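Please open the model in your viewer, with the sequence panel beside it, and follow the selections below in the order given.

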Amino acid sequence: MADLITHTCAALLWQSARPWTAERRRAIPVFVAGTCLPDLLGRVPAMGLTALRWPLPWIPEPLIYLWNPLHLPTGILLSSALVSFFFPAERRAAVFRGLLGGGALHLAVDLLQSHFGVGYLLLFPFSLWDWELGWIGSEDTVRIVPVLLPVTAIVCWIRWNRRENP
C-alpha cells in the first residue's frame, strides 16, 4: 500500500511542477492512474494469488508470476494502449500519453530501489538483463510515506489555490 501512495504522491508532485491549466487538471487523474497501473496490474494479482496458495495449494506457481511483465516497460506500453481504448476516440491519444507518462514515472521511481532478487528487466522480452540504481530499499517507502503524504497535500493545495489556475 505504501508503494501506491508513494507513486501517487510522485505523480502529483511531478504535475505540480508545471502550471495547472483547465486542460492539465483534467489530465492529472489519468497521469496518476498511469503511475499506479503497473502495480495494480503486475503486483496485486500476484500478491492475491500468493495469499490464496495457503488455503488453495493447487494454484500453479507460473500463474503467480504471469503478471510480472505488466510491471515492465513492454507491459506498461501494452496496458496503457489497452486501457485507452475504454475512452472516447477523441480522448484516446491523450489518455494513452497520460497513462504512458505515468508508467514512465512509475518505472523511474522503482528504479531507485534495491531488491533482494532480480532488478528490473527493462528490455524484456528481448533481453533478461536487469538493472536498478539501488539507492533505497524496496520496503523503504513505508518510512517515506509519513513525510511524503503531507508534503504532497500542502504542495497540491498551494497549486490548486494559485491565481494562475482557472
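Which pattern of helices and strands does the chain follow when it is read along the sequence? In this predicted model, the order is α-α-α-α-α-α-β-β-α, made up of seven helices and two strands.

**The whole chain**

Begin with the entire chain shown as a cartoon, and add the C-alpha atoms, which fill a box of roughly 60 × 40 × 35 Å when it is taken along the principal axes. If you colour by accessibility, 35% of the 166 residues count as buried. Among the contacts with a separation of 6 or more, those between residues 24 or more positions apart account for 60%.

**Helices α5 and α6**

Next, select residues 73–84, which form helix α5, together with residues 89–110, which form helix α6; their axes come within 9 Å and cross at roughly 155°. Angles over 145 degrees count as roughly antiparallel, and α5 and α6 are therefore roughly antiparallel to each other. Their crossing is right-handed.

To see the contact itself, show side chains on Pro 73, Ile 76, Leu 77, Ser 80, Ala 81, Val 83 and Ser 84 of α5, which meet Arg 92, Val 95, Phe 96, Leu 99, Leu 100, Gly 103 and Leu 107 of α6. Sorted by class, the residues of this contact comprise 10 nonpolar, three polar and one charged.

**The loop between α5 and α6, and the start of α6**

Now move to Phe 85, which is found in the loop between α5 and α6. Is Phe 85 buried or exposed? With a relative accessible area of 54%, Phe 85 is exposed, since the cut-off for that class is over 50%. Draw a distance from its C-alpha atom to that of Phe 96, and the separation should read 8.6 Å for two residues that are 11 apart along the chain.

A little further on, select Ala 89, which lies in helix α6 and is exposed, with a relative accessible area of 56%. From Ala 89, draw a C-alpha to C-alpha distance to Glu 61: these two are 28 residues apart in sequence and 39 Å apart in space.

**Helix α2 against α6**

Keep α6 displayed and add α2, since the axes of these two helices come within 7 Å and cross at roughly 50°. That angle makes α2 oblique to α6, and the crossing of the pair is right-handed.

On the α2 side, the contact is made by Glu 23, Arg 26, Val 30, Phe 31, Ala 33, Gly 34, Thr 35, Leu 37, Pro 38 and Asp 39, while on the α6 side it is made by Arg 91, Val 95, Gly 98, Leu 99, Gly 101, Gly 102, Gly 103, Leu 105, His 106 and Asp 110. The residues of this contact divide into eight nonpolar, seven polar and five charged.

**From α2 into α3**

Follow the chain along helix α2, residues 22–42, and then select helix α3, residues 44–52; the two axes come within 3 Å and cross at roughly 25°. That makes α2 roughly parallel to α3. Here Asp 39, Leu 40, Leu 41 and Gly 42 of α2 meet Val 44, Pro 45 and Ala 46 of α3, a contact with five nonpolar, one polar and one charged residues.

**Pro 69**

Where does Pro 69 lie? Select it in the loop between α4, residues 61–65, and α5, where Pro 69 counts as partly exposed at 27% relative accessibility. Leaving aside neighbours within four places in sequence, Pro 69 is in contact with Gly 75 and Phe 124. A C-alpha to C-alpha distance from Pro 69 to Pro 38 spans 9.2 Å, although the two are 31 residues apart in sequence.

**The cysteines**

Finish by selecting Cys 9 and Cys 156. How many disulfides are counted? The count comes to zero: Cys 9 is in no disulfide, and the nearest cysteine sulfur, that of Cys 156, is 8.0 Å away. A disulfide requires sulfur atoms within 2.5 Å, and the 8.0 Å between the sulfur of Cys 156 and that of Cys 9 is therefore too far for a bond. Cys 9 counts as buried at 2% relative accessibility, and Cys 156 is buried too, with a relative accessible area of 14%.

Note on methods: Residues numbered from 1 in each chain as written. Predicted model: local features only at pLDDT ≥ 70, side-chain atom pairs only at ≥ 80, totals over all residues. Heavy atoms only, no water. Axes fitted to C-alpha atoms, helices over the stretch in contact; angles between N-to-C directions. Helix = DSSP H or I, 4+ residues; strand = E, 2+ residues; numbered from the N terminus. Parallel < 35°, antiparallel > 145°, perpendicular 65-115°, else oblique. Left-handed = near helix turned anticlockwise from the far one by under 90°. Contact = heavy atoms within 4.5 Å. Nonpolar A, V, L, I, M, F, W, Y, C, P; charged D, E, K, R; others polar. Buried < 20%, exposed > 50% of the residue type's maximum accessible area, 1.4 Å probe, protein only.
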